[in-house]
Protein chains: 2
Amino acid sequence: MSKVLVIGCGNVGSVGLHKMAQHPKTFSEIHMVGRTIKKCENVRDSIKEKTNGKVNLQIHPGNVRDNAFFSELIKKIQPALIINFGSTYDDLVVMDACLEHNVNYIDTACYEDPEKYGFSYELQLAKNEEFQKKNLLAIVGAGFDPGVTNIFSAYARDYLFDSIDTIDILDCNGGSKNEEIKFAPNFDPEMNLRELILPIKFWKDGAWQKRGRLIDEDAVFFDFDFPETGVFTPYLMYHEELETIPTHIPELKRARFWMTFSKSYLTYLRILYEVGLVRIDTIDYNGTAVIPVRFLKMLLPKAEDFNKTYIGKTNIGNIISGTKDGKKKVIYIYNVCDHAEAFKETGGNAVGYTAAVPAVVCAKLMLEGQWHGTGVKNAEDKLLDSKIFLEELAKNGLGWSVQTLKDLPEALKKDY
Amino acid sequence: MSKVLVIGCGNVGSVGLHKMAQHPKTFSEIHMVGRTIKKCENVRDSIKEKTNGKVNLQIHPGNVRDNAFFSELIKKIQPALIINFGSTYDDLVVMDACLEHNVNYIDTACYEDPEKYGFSYELQLAKNEEFQKKNLLAIVGAGFDPGVTNIFSAYARDYLFDSIDTIDILDCNGGSKNEEIKFAPNFDPEMNLRELILPIKFWKDGAWQKRGRLIDEDAVFFDFDFPETGVFTPYLMYHEELETIPTHIPELKRARFWMTFSKSYLTYLRILYEVGLVRIDTIDYNGTAVIPVRFLKMLLPKAEDFNKTYIGKTNIGNIISGTKDGKKKVIYIYNVCDHAEAFKETGGNAVGYTAAVPAVVCAKLMLEGQWHGTGVKNAEDKLLDSKIFLEELAKNGLGWSVQTLKDLPEALKKDY
């Protein structure tokens, strides 16, 4: 029996709220705060209908960056936990509010500074001692990737291997939107485009190796047949997980992240970048400061424009090599999620579903006392048992498989 | 000895002003009105330097759409002629001001309504009787294309053929910008992009034939070796000339317009169009109405960003087939213009040079009494002798050649 306060009710938040509503014993009182009241009401109404009127979310319209409003709201509700499905720009202010009002915290993606490209857990992890002192737990980056991919790594470390050599995380969106949708990023276009133009790096022998950018002509890619999903083309890129996994698996020799794109998608990305539409500085438009990437976001299709007809699957997982009982071992641990099924259950697509459900599972384990501890933790922290998480995850719509491979796929043997 | 008032001092206006300054006897007093005073001052200073201080333009900062200001300015200056190198959106208001204050008028491109895609001379030609009544002459669309390409057609009609069957206008920009410039439209990006996404049509046997759009996968193109310029790829499109040439050459069986593009250029165009960046409606950006194509224009490189290192040539001309003295005849009449030479002479590139110089030649012929008449005329009007125009054009930096061809090029024999 716990009160939770949820921030954000977009494609991710909406799924999270639907999923929480399926566990009324754990999430006995769900409050939501969002800037767009209509979106909040739609989610509330959908949940009311799906639970036959049993679950009634409480909506609090407002902006968490409005400190007076947000502080007052937390005081009034006194939640046990705040789950932040909102903008990663707000991660730090929400964590500070948690510290001020003694509330536990979960988010699904790493903090970003709106005025700089790039992301890092550094400023969030710097609050570790403060959370410990207050006997509070914050789990940061608890979506799918980052999140479950970190926990897949922890599970391999703690249950499947004696020692891990390499981790390759493969994120495949094998979905097909209707033909009128020419270009739509997988999630919030502003956050997604900021991420996709970053310099690429991967972890190798204790240091970062740089490898150009996704939009370069010599970007590194290979074709791969994803189980239950099909053949797609993963490209080497940098992603949140890579920042923290090497800390938690110190013997790791190499860690990389790959995401699938079509040639067409990367052409859009390159052209929008080259024209200046991924810029985050301001342009003077007849006296108004306009940020190009935010203006672009307004032109691009929203999840609600294509979710209804979105078909196909996502497949996200880790190919991990190492040693067990003195023998070489290679495994592939992954989840497959279906866009149409996710939509039917929650109104979100598989990208939203895979990002939101893990955070809800974290919240459930935390509120039920199965995960405990204090401080600011990444999902692969030894403190948080990976096995009970993965068992609970499977019960909540995100099943996973472990395949033992004879060897690393040829393309992953190379260093690039 | 005439006073002229010039509107606009961008890439086209700047060239026109430099060229006028070379004829101080004809253009004895040059006034310019522009919204960006810095641009006007740069042009004035450049001309002062190039004429050893002999020509001193008079700058009048302001907007011609500000009726009180513009009316007062015309009354004060009492020009014999207004040359409009400014936005085509302003063509009608400037023509109305000419009628009100008894001033002759020249522009380089057809009127466009900012709130609608497309262009037409209709509303300008509708002022014909009013100009006639006031004993004034207005020449509309007197750049290169439209403009010289219309006059090439008139010259063929009046001097080279007894009867014309087909006209294919070929506009090739064979220029190379420096490598950092990934995408820059040939002229004002807003006007250029609006034009390039229009439905394509051409004139055939007395009716318009439609042929999709430039951004379609099945756009019609062929490779062509342009004299002195090189092999480039002209694509079928719709252009201003096509609206009026059939009126002035009634026996014409087919009239088409072709412009060269690289595959890369068309990919940019298609993607910017598909993302919505060529839209002309308004988007609400945090309470400010932003027009996508105008915002895009602010991000794209300006002529001043690449003119200094712009090399290569433009080649614009007409391939015309018909009959002379009972025999089939095919000619190719064209001009070649060099970007670097145009820049050296005027600070503008060949696109600006070819657009501006013809209007200055029209103005010269008009002010010197070699072209006379009243009403609103297109450049191919029988009233305006094409031969004296083309002779004067050659003396002003835009030489032209006539080649007799054995036959139409294979690609132009087809109807598509």
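# Two chains, questioned by the rules

Biologist: How many salt bridges does the rule find across the interface of chain B and chain A?

Modeller: The rule finds zero salt bridges across the interface of chain B and chain A. Bear in mind that this is a predicted model. Five residue pairs across that interface are in polar contact, both residues being at pLDDT 80 or more.

Biologist: Which elements of chain B give two or more residues to the side that touches chain A?

Modeller: They are α10 (263–275), β14 (283–285), β15 (288–290) and α11 (292–299) of chain B. The largest share, seven residues, comes from α10(B). By class, that side of chain B has 16 nonpolar, four polar and six charged residues.

Biologist: How many residues of chain B are in contact with chain A, and how many of chain A with chain B?

Modeller: 26 residues of chain B are in contact with 26 residues of chain A. The area buried between the two chains is about 2300 Å², and carbon and sulfur atoms give 78% of that area. In chain B, the residues that lose the most area to chain A are B:Y285, B:F295 and B:L299, together 30% of what that side buries.

Biologist: Why is B:E190 called buried or exposed?

Modeller: The cut-off for buried is under 20% relative accessible area. B:E190 has 5%, so B:E190 is buried.

Biologist: What makes B:E190 and B:R294 a salt bridge?

Modeller: The rule asks for a side-chain nitrogen of Lys or Arg within 4 Å of a carboxyl oxygen of Asp or Glu. For B:E190 and B:R294 the N to O distance is 3.0 Å, so the pair passes. The pair links distant parts of the chain, with B:E190 in helix α8 (residues 189–196) and B:R294 in helix α11 of chain B, 104 residues apart. B:R294, at 29% relative accessibility, counts as partly exposed.

Biologist: Which residues do salt bridges with shared partners join into one network?

Modeller: A:D168, A:K204, A:D205, A:R254, A:R256 and A:D415 are joined in this way. Over all chains the count comes to 52 salt bridges.

Biologist: How do you know that A:D158 and A:K382 meet in a salt bridge?

Modeller: The N to O distance between their side chains is 3.1 Å, and the limit is 4 Å, so the pair counts. A:D158 lies in helix α7 of chain A, while A:K382 lies in the loop between β18 (375–378) and α15 (386–395), 224 residues apart.

Biologist: Why do A:D158 and A:K382 get the exposure classes they do?

Modeller: Exposed means over 50%, and partly exposed runs from 20% up to that. A:K382 has a relative accessible area of 60%, so A:K382 is exposed. A:D158 is at 30%, so A:D158 counts as partly exposed.

Biologist: What is the closest N and O distance in the salt bridge of B:D45 with B:R44?

Modeller: The closest N and O atoms are 3.2 Å apart. B:D45 is partly exposed at 39% relative accessibility, and B:R44 is partly exposed at 23%.

Biologist: What is notable about phi of A:N286?

Modeller: Phi of A:N286 is near 45 degrees, a positive value in a residue other than glycine. A:N286 lies in the loop between β14 (283–285) and β15 (288–290) of chain A. Its relative accessibility is 64%, and therefore A:N286 counts as exposed. In chain B, B:N135 has a positive phi of about 60 degrees although it is not a glycine. B:N135 is found in the loop between α6 (128–133) and β6 of chain B, and at 60% relative accessibility B:N135 counts as exposed.

Biologist: What is omega of the cis peptide bond that joins A:D145 and A:P146?

Modeller: Omega is about 10 degrees there, and A:P146 lies in the loop between β6 (137–140) and α7 (148–160) of chain A. The peptide bond from B:D145 to B:P146 is cis, with omega near 10 degrees.

Biologist: Which residues have the most contacts inside the largest nonpolar core?

Modeller: A:F70 and B:F70 do, in a core of 279 residues. Apart from neighbours within four places in sequence, B:F70 is in contact with B:L5, B:I7, B:V33, B:V64, B:I82, B:V94 and B:A97.

Methods:
Residues are numbered from 1 along each chain as its sequence is written. Chains are lettered from A and ligands numbered from 1 in the order in which they are written. This is a predicted model: local features need pLDDT of at least 70, side-chain atom pairs count only at pLDDT 80 or more; totals for chains, interfaces and linings use all residues. Side-chain values use heavy atoms; hydrogens and water are left out. Contact means heavy atoms within 4.5 Å. Buried area is the accessible area (1.4 Å probe) that two parts lose on being put together, summed over both. A polar contact is a pair of N or O atoms within 3.5 Å; within protein, one must be able to donate a hydrogen and the other to accept it, and residues adjacent in sequence count only if both atoms are side-chain atoms. Helices (H or I, at least four residues) and strands (E, at least two) are DSSP runs, numbered from the N terminus. Ala, Val, Leu, Ile, Met, Phe, Trp, Tyr, Cys and Pro count as nonpolar, Asp, Glu, Lys and Arg as charged, and the others, Gly among them, as polar. A nonpolar core is a set of buried Ala, Val, Leu, Ile, Met, Phe, Trp, Tyr and Cys residues joined through side-chain atoms within 4.5 Å. Buried means under 20% relative accessible area, exposed over 50%, partly exposed in between (1.4 Å probe, protein chains only).
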